Amino acid sequence: MQRESDELSATEQIRQAQEWAGETGHLLHLWSAATRQALYPHIDERITARLTETEGWRYDREHSRRVLQHTLREAQLAGHDIGEVIERITAAPMDGARSVSSVLQDRLQRLQLPGQGHGVTWAQRTPQDAPALAHELAAGLDHRRRELGERALENPEPWLTRHLGAPPGPDASPVLREDYARRAGTAAA
């Protein structure tokens, strides 16, 4: 009677399985796979459109372009417009470049793009030409973050109050409450 069983009841197992399907990690994994399919060809298309035919041919065959694609994807996740970034790194000529993608990668690193913005939503991070599934998953991720933020606003956990402080009371400014919910939702997600 005094020992707790390690096994979950059938109802608890069902509840955990249902929650897992909507958890941030699972949704993020699915979103990442869906956007990657659309994003990498989109990146290649935009870059080769700004290069000469010979440079584009070389770029398509370079193994190091995967690193550039990954770095551009990180910039996109941080909320940067990939089209604008590609324009900036391809503006100068490629004269004498041994590896087109390595030169572009170097130029991208020299831009020193600011880090991830806190106000960037998953919907904003999703490329416009991504599959409909990616847009649905982005909406799910944004919804989940809002849901977690509202929960934290009403019933903050100790780890959250250590980092963000106590949530503003019900009579506090709506802007203050919304900001706390947004930050709490991001942390909880």
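These notebook entries record what I looked up in a predicted model of the protein.

**Entry 1. Overall make-up**

I began with the secondary structure and found 10 helices and 0 strands. Read from the N terminus, the elements run α-α-α-α-α-α-α-α-α-α. I then looked up burial for the whole protein: of its 189 residues, 35% count as buried. I also looked at how the contacts are spread along the sequence. Among contacts with a separation of 6 or more, 64% join residues 24 or more positions apart.

**Entry 2. Helices α4 and α5**

I turned next to helix α4, residues 65–77, and helix α5, residues 82–89. Their axes lie 10 Å apart, and the helices pack at an angle of about 130°. I noted the pair as oblique, because an angle that falls outside the parallel, antiparallel and perpendicular ranges is given that name. The crossing of α4 and α5 is right-handed.

Which residues of α4 and α5 meet? On the α4 side I listed Leu68, Leu72 and Gln76. On the α5 side I listed Ile82, Val85, Ile86 and Ile89. By class, the residues of this contact divide into 6 nonpolar, 1 polar and no charged.

**Entry 3. Helices α2 and α5**

I then examined α5 against α2. The axes of these two helices come within 10 Å and cross at roughly 40°. I recorded the crossing of α2 and α5 as right-handed. From α2, the contact draws on Leu39, Ile43, Arg46 and Ile47. From α5, the contact is made by Ile82, Gly83 and Ile86. I counted the classes here as 5 nonpolar, 1 polar and 1 charged. Ile82 and Ile86 appear in the contact of α5 with α4 and also in the contact of α5 with α2.

**Entry 4. Aromatic rings**

I searched the whole structure for aromatic pairs and found 1. The pair consists of tryptophan 31 and tryptophan 122, whose ring centres are 5.0 Å apart. Their planes stand at 70°, so I entered the pair as edge-to-face; the cut-off for that class is over 60 degrees.

Where in the chain do tryptophan 31 and tryptophan 122 lie? Tryptophan 31 belongs to helix α2, residues 24–49, and tryptophan 122 to helix α7, residues 122–125. The pair therefore ties together parts that are 91 residues apart in sequence. I checked burial as well: tryptophan 31 and tryptophan 122 are both buried.

**Entry 5. Alanine 75**

I returned to helix α4 to look up alanine 75, which is found there. Is alanine 75 buried or exposed? I noted a relative accessible area of 7%, so alanine 75 is buried, the limit being under 20%. Leaving aside residues up to four places away in sequence, alanine 75 touches His80 and Leu113. I also took the separation from leucine 108, which is 33 residues apart from alanine 75 along the chain. The C-alpha atoms of alanine 75 and leucine 108 are separated by 9.6 Å.

**Entry 6. Glutamine 112**

My last entry concerns a backbone angle. Glutamine 112 is not a glycine, yet its phi is positive, at about 50°. I located glutamine 112 in the loop between α6, residues 100–111, and α7. Its relative accessibility is 67%, so I recorded glutamine 112 as exposed, a class that begins over 50%.

Technical notes. Residues numbered from 1 in each chain as written. Predicted model: local features only at pLDDT ≥ 70, side-chain atom pairs only at ≥ 80, totals over all residues. Heavy atoms only, no water. Axes fitted to C-alpha atoms, helices over the stretch in contact; angles between N-to-C directions. Helix = DSSP H or I, 4+ residues; strand = E, 2+ residues; numbered from the N terminus. Parallel < 35°, antiparallel > 145°, perpendicular 65-115°, else oblique. Left-handed = near helix turned anticlockwise from the far one by under 90°. Contact = heavy atoms within 4.5 Å. Nonpolar A, V, L, I, M, F, W, Y, C, P; charged D, E, K, R; others polar. Phe/Tyr/Trp six-rings, centres within 6.5 Å; stacked < 30°, edge-to-face > 60°. Buried < 20%, exposed > 50% of the residue type's maximum accessible area, 1.4 Å probe, protein only.
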